Amino acid sequence: MAVFKGITPQQIDILSLGLYAGVDEVGRGPLVGNVVTAAVILDPKNPILGLNDSKKLTEKKRESLFTEIHEKALSISVGHATPEEIDELNILHATMLAMQRAVAGLEIKPVKVLVDGNRTPTFHHGDNTELVLEAHAIVKGDGLIAGISAASIVAKVIRDREMELLDMEHPQYGFAKHKGYPTKAHFQALEQHGVLAEHRKSFRPVRDRLTKDLEARS
């Protein structure tokens, strides 16, 4: 595995050669819900204009690109790690697990995997644990490599929709607005309404609220 930081246009061109899977995650920072990853293999003969880091796009643009990615990509797979897995493994290792699940779910075997960030897990294709895929980490790759940009968009839209569904079940928490991130409104909701099953119990604000509840009952 190589880690590319300050990647040059020439390196981007070389890494983008061949059938590669772009991988990114969304949801490492929130206090609630799954961490969501996506793996996307784009069709080099059917390019998609406007791909970028999902955080730099409007919601309307993300939704439009999400549809186009599903229409044009050769293969798309989404992986999750649950709040329980996050609490058991920690958020980093749970994210790596979700990435492995996303790549394993691809219907097409990529030649290599390009991951946003500064580390990658070991990737296999499907259930073939003997086949290790070439993988590289690209710092800020979601704004540089088209396949990673597409993965960031897919993961972001999927997770936002999950938060909107959770908001419908628990509207008092405001998940549709803050998407589970540690905002003032989320802290206030935790204080007023307590911890949900979907909260990440190992994250400090949630853990502190649970401790407070336990002390109040003792």
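**Exercise 1. Which residues line the largest cavity?**

A heads-up before we dig in: this is a predicted model.

*Step 1.* Begin with the count: there is one cavity of 30 Å³ or more.

*Step 2.* Get its volume. The largest cavity comes out at about 30 Å³.

*Step 3.* List the lining. Around the largest cavity you'll find Glu59, Arg62, Glu63, Val157, Asp160 and Glu164.

*Step 4.* Map that lining onto the fold: H2 and H5 are the elements that give two or more residues to it.

**Exercise 2. Work out where the residues of the UniProt "binding site" annotation sit.**

*Step 1.* Read the record. In an unreviewed entry, UniProt puts the "binding site" annotation on Asp24, Glu25 and Asp116.

*Step 2.* Compare sequence with space. The three span 93 residues in sequence, but no two of their C-alpha atoms are more than 8.0 Å apart, so they gather at one spot.

*Step 3.* Look for an opening. Asp24, Glu25 and Asp116 are included in the lining of the second largest pocket.

*Step 4.* Place Asp24 and Glu25. Asp24 is in strand S2, residues 20–26, and Glu25 is in strand S2 too.

*Step 5.* Check Asp24 for burial. The cut-off for buried is under 20% relative accessible area, and Asp24, at 3%, counts as buried.

*Step 6.* List the contacts, skipping neighbours within four places in sequence. For Asp24 they include Asp116, Asp142, Ile148 and Ser152. For Glu25 they are Val35, Val36, Thr37, Thr95, Met99 and Ala155.

**Exercise 3. Follow the contact from Asp24 to Asp142 and describe what surrounds Asp142.**

*Step 1.* Locate Asp142: it's in the loop between strand S8 (134–138) and H5.

*Step 2.* Buried or exposed? Asp142 has a relative accessible area of 7%, so it is buried.

*Step 3.* Leave out residues up to four places away in sequence and see what Asp142 touches. Asp24 and Asp116 are among its contacts, as are Asn52, Asp53 and Lys55. Ile148, Ser149 and Ser152 are on the list as well.

**Exercise 4. Explain how strand S2 is packed.**

*Step 1.* Tally the burial. Seven of the seven residues of S2 are buried, so the strand is largely enclosed by the rest of the structure.

*Step 2.* Split the strand by face. In a regular strand, side chains alternate between the two faces of the sheet. Here, Tyr20, Gly22, Asp24 and Val26 are buried on one side, and Ala21, Val23 and Glu25 are buried on the other.

*Step 3.* Find the strand partners. S2 pairs with strand S5 (residues 112–116) in the parallel sense, over four bridges. With S3, S2 runs antiparallel, and five bridges join them.

*Step 4.* Pick out an example of each. Ala21 has Val113 as its bridge partner in S5, while Glu25 has Thr37 as its bridge partner in S3.

**Exercise 5. Describe the largest nonpolar core and say which element gives the most to it.**

*Step 1.* Recall the general trend: in soluble globular proteins, nonpolar side chains tend to be buried together.

*Step 2.* Find the group. The largest nonpolar core has 18 residues, and Val40, Leu42, Leu51, Ile69 and Ile153 have the most contacts inside it.

*Step 3.* Sort by element. Strand S3 (35–41), helix H2 (59–72) and helix H5 (146–169) each give two or more residues to this core. H5 gives the most, with six residues.

*Step 4.* Zoom in on Ile153. Not counting residues up to four places away in sequence, Ile153 touches Leu51, Leu57, Leu65, Phe66 and Ile69, among others.

*Step 5.* Don't mix this up with the other core. Apart from the largest core lies another, of 14 residues, among them Ala21, Ala39, Leu106 and Phe123.

**Exercise 6. Contrast Lys5 with Ile91 in terms of exposure.**

*Step 1.* Place each one. Lys5 is in the loop between strand S1 (2–4) and helix H1 (9–15), and Ile91 is in helix H4, residues 91–104.

*Step 2.* Read the accessibility. Lys5, at 71%, counts as exposed, whereas Ile91, at 18%, counts as buried.

*Step 3.* Add some distances, C-alpha to C-alpha. Lys5 and Thr58 are 53 residues apart in sequence and 26 Å apart in space. Ile91 and Gly29 are 62 residues apart in sequence and 8.7 Å apart in space.

*Step 4.* Finish with the contacts of Ile91 beyond four places in sequence: Gly27, Arg28, Val35, Ile86, Arg200 and Phe203.

Technical notes:
Residues numbered from 1 in each chain as written. Predicted model: local features only at pLDDT ≥ 70, side-chain atom pairs only at ≥ 80, totals over all residues. Heavy atoms only, no water. UniProt positions renumbered as here; feature names shortened; annotations may be inferred. 1 Å grid on protein atoms, 1.4 Å probe; cavity = no way out; pocket = protein on both sides within 12 Å on 5 of 7 lines; lining within 4 Å. Buried < 20%, exposed > 50% of the residue type's maximum accessible area, 1.4 Å probe, protein only. Contact = heavy atoms within 4.5 Å. Core = buried A, V, L, I, M, F, W, Y, C linked by side-chain atoms within 4.5 Å. Pairing = 2+ DSSP bridges. Points joined across faces, edges and corners; volume = space filled by probe spheres on them.
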